[in-house]
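Hello,

Here is the structure I promised to hand over. Please open it alongside this email; my notes on it follow below.

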Amino acid sequence: MMVAEHGQRRRHKGVVSHVHGGELPAGSLLKIDEGLYVADIRLCALQAAEDLEFVELIEYFYEICGAYSLDGAEGRGYRERLPLTSVSDLSSYFDQMAGVRGIRKASRALRYVRDGSRSPMETALVMMLTLPRADGGLGIRDVVMDHRIEVSGHVRDMTGRRYFVTDIYIRKVRLAIEYHGSEHERAARGVADEERENALRAMGHQVIVVRRGAFFSRLSFLRFMEAIRKRVGIRPSSLDPGFAKRQERLRRFVLRRVL
């Protein structure tokens, strides 16, 4: 519960009062009944910075900017839904909340977040790429999700598609990274995937495919990350001796719900 002054705080079981005496940007509170308001998702995101660890906060931002919510639906542990907000909306909101408690941490965490994740595993994968090396990521900045690539005329005889949307794309090196979950194991889907990958390569894009099982095998995962590192041009000498341990710690964190 949020109140304007310390004297307005109340003690109720299961309720914690937070004091905020400054002005809130328009839309921060949503009215659900007379005299009763709830925090907008952007305000929730800022408040989360006070309670979550840095990497947890980044993961939470991915989830609210992504097209899924965590639950047990359909046995997958998540269900599809529209994004609750976006990186640009959060950035604009945080700019208006300068000086507020938790804002520096929230703003820093947002640097490593991308719009467009469609599953917890996609979030896990892109976090391994974008997070700073101090936290076990590769620190790659030029990463986008749900990147649209138009099909060039000279390869249109290879596919019936006019464009492809890649799961993850590193623009600097024209590298498409595709995550293949269990739904890609069907024969028909496999043919479509092969057509897509061949067309992308014919247009000059690099393609790396990571399957769900590779994340759960430490050796397979290391090989995949090594392939990314080489394609992006990250020299081994730029990684300090403790990086491997931090990378493994981060891998276990992003997979903690399914390991």
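**What I found: cysteines**

Cys65 is buried, because its relative accessibility is 2%. Cys44 has 27% relative accessibility, so it counts as partly exposed. Keep in mind that this is a predicted model. Searching the whole structure turned up 0 disulfides. For reference, a disulfide is a covalent bond between the sulfur atoms of two cysteines.

**Overall make-up**

The protein chain holds 9 helices and 10 strands. It has 259 residues, and 42% of them count as buried. Take the contacts in the chain with a separation of 6 or more: 58% of them join residues 24 or more positions apart.

**The cores**

The largest nonpolar core has 57 residues. Which residues have the most contacts inside it? They are Ile58, Phe61, Phe94, Ile177, Phe215, Ile228 and Val254. Helix α2, residues 54–65, gives the most to this core, with 8 residues. There is also a second, separate core of 11 residues. Among its members are Val151, Val155, Phe164 and Ala176.

Phe215 deserves a look of its own. Leave out residues up to four places away in sequence. Phe215 then touches Met121, Ala124, Leu125 and Met128. It also touches Val210, Phe221, Arg251, Val254 and Leu255.

**Helix α5 and its partner α2**

Helix α5 covers residues 120–130 and is mostly covered, with 10 of its 11 residues buried. The buried residues are Met121, Glu122, Thr123, Ala124, Leu125, Val126, Met127, Met128, Leu129 and Thr130. Glu122 is thus in the buried list, as are Thr123 and Thr130.

Next, the packing of α5 with α2. Two packed helices are described by the angle between their axes and the distance between the axes. The axes of α2 and α5 cross at roughly 130° and come within 11 Å. The two helices are therefore oblique to each other. α2 passes α5 in a right-handed crossing. From α2, the residues at this meeting are Val55, Ile58, Glu59 and Tyr62. From α5, they are Thr123, Val126, Met127 and Thr130. An α-helix has 3.6 residues a turn, so residues three or four places apart point the same way.

**Helices α8 and α9**

How do these two pack? Helix α8 (residues 218–232) and helix α9 (residues 243–254) have axes 12 Å apart, at an angle of about 115°. That angle makes α8 roughly perpendicular to α9. The crossing of α8 past α9 is right-handed. On the α8 side, contact is made by Arg218, Phe221, Leu222 and Met225. On the α9 side, Gln247, Glu248 and Arg251 take part. Two of these residues came up earlier: Phe221 and Arg251 both touch Phe215.

**Pro25**

Where does Pro25 sit? Its place is in the loop between β2 (18–19) and β3 (29–33). Is Pro25 buried or exposed? It counts as buried, because its relative accessibility is 12%. Setting aside neighbours within four places in sequence, Pro25 is in contact with Tyr93, Gln96 and Met97. Pro25 and Gln96 are 71 residues apart along the chain, yet their C-alpha atoms are separated by 6.9 Å.

Best wishes

Terms used
Residues are numbered from 1 along each chain as its sequence is written. This is a predicted model: local features need pLDDT of at least 70, side-chain atom pairs count only at pLDDT 80 or more; totals for chains, interfaces and linings use all residues. Side-chain values use heavy atoms; hydrogens and water are left out. A nonpolar core is a set of buried Ala, Val, Leu, Ile, Met, Phe, Trp, Tyr and Cys residues joined through side-chain atoms within 4.5 Å. Buried means under 20% relative accessible area, exposed over 50%, partly exposed in between (1.4 Å probe, protein chains only). Helices (H or I, at least four residues) and strands (E, at least two) are DSSP runs, numbered from the N terminus. Contact means heavy atoms within 4.5 Å. A disulfide is a pair of cysteine sulfur atoms within 2.5 Å. Axes are lines fitted to C-alpha atoms, for helices over the stretch in contact, and angles run from 0 to 180 degrees between N-to-C directions. Angles under 35 degrees count as roughly parallel, over 145 as roughly antiparallel, 65 to 115 as roughly perpendicular and the rest as oblique. A crossing is left-handed if the near helix is turned anticlockwise from the far one by less than a right angle, and right-handed if clockwise.
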